[in-house]
Amino acid sequence: MSEQSVKPVVVIAVGVIASMSFNTGYDIGIMSSAKRLMALDLNLSPWQVSVLVGSLNIVTGLASLLSGLAADTLGRKRLILLSSFICTVAVLLMGAASGPNALAMVMLGRTFNGIGTGL
């Protein structure tokens, strides 16, 4: 029997894909502690906090329904790049949220993050 070695590109691809799944868990974990501070800072009602926290899961689920079609259309590599770009834009939007439109910016960022994570 001959030994088959694992190609470095396979190791990198598995690492990238695994890190993308960590994004969801990390985001959920961070929001569980950040929601109190965000509610105080943005003066949010309990309903607004619930929508803010739950929006990621809903959008991720909906976007994941389209991931197969998107992968067939764009290809897996391009879809991973697009997904990473969307998640990066989402983080920048949430980080830049301030002023009277802060809640809208955070919600938009959470929506983009859900799309990127779902894809």
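The expected span of a helix is 1.5 Å times one less than its number of residues. Helix α2 (residues 46–65) has 20 residues, so 28 Å is expected, and its end C-alpha atoms lie 29 Å apart, which agrees.

This is a predicted model. Mean pLDDT for the protein chain is 87. Of its residues, 97% reach 70 or more. The elements at the two ends of the confidence range are tabulated here.

| Element | Rank by mean pLDDT | Mean pLDDT |
|---|---|---|
| α1 | lowest | 82 |
| α3 (residues 67–74) | highest | 92 |

**Helix α2.** A kink of about 35° is centred on G54. Buried residues in α2 are V49, L52, S55, L56, V59, T60 and A63. An α-helix has 3.6 residues a turn, so residues three or four places apart point the same way.

**Helix α1.** This helix covers residues 8–42 and includes V9. Is V9 buried or exposed? V9 has 55% relative accessibility. Exposed means over 50%, so V9 counts as exposed. V9 also belongs to a nonpolar surface patch, together with V6, V10, V11 and V14. The accessible area of the patch is about 450 Å².

S33 is in α1 as well. Its relative accessible area is 42%, so S33 is partly exposed. N23 and S33 are 10 residues apart along the chain, and their C-alpha atoms are separated by 16 Å.

Terms used:
Residues numbered from 1 in each chain as written. Predicted model: local features only at pLDDT ≥ 70, side-chain atom pairs only at ≥ 80, totals over all residues. Heavy atoms only, no water. Patch = residues over 30% accessible without salt bridge, like charges linked within 9 Å, V, L, I, M, F, W, Y side chains within 5 Å. Areas by Shrake-Rupley, 256 points an atom, 1.4 Å probe, with all protein chains shown as cover. Salt bridge = Lys/Arg side-chain N within 4 Å of Asp/Glu carboxyl O. Helix = DSSP H or I, 4+ residues; strand = E, 2+ residues; numbered from the N terminus. Buried < 20%, exposed > 50% of the residue type's maximum accessible area, 1.4 Å probe, protein only. pLDDT = per-residue confidence, 0-100. Bend = angle between axes of the 7 residues up to and from the residue.
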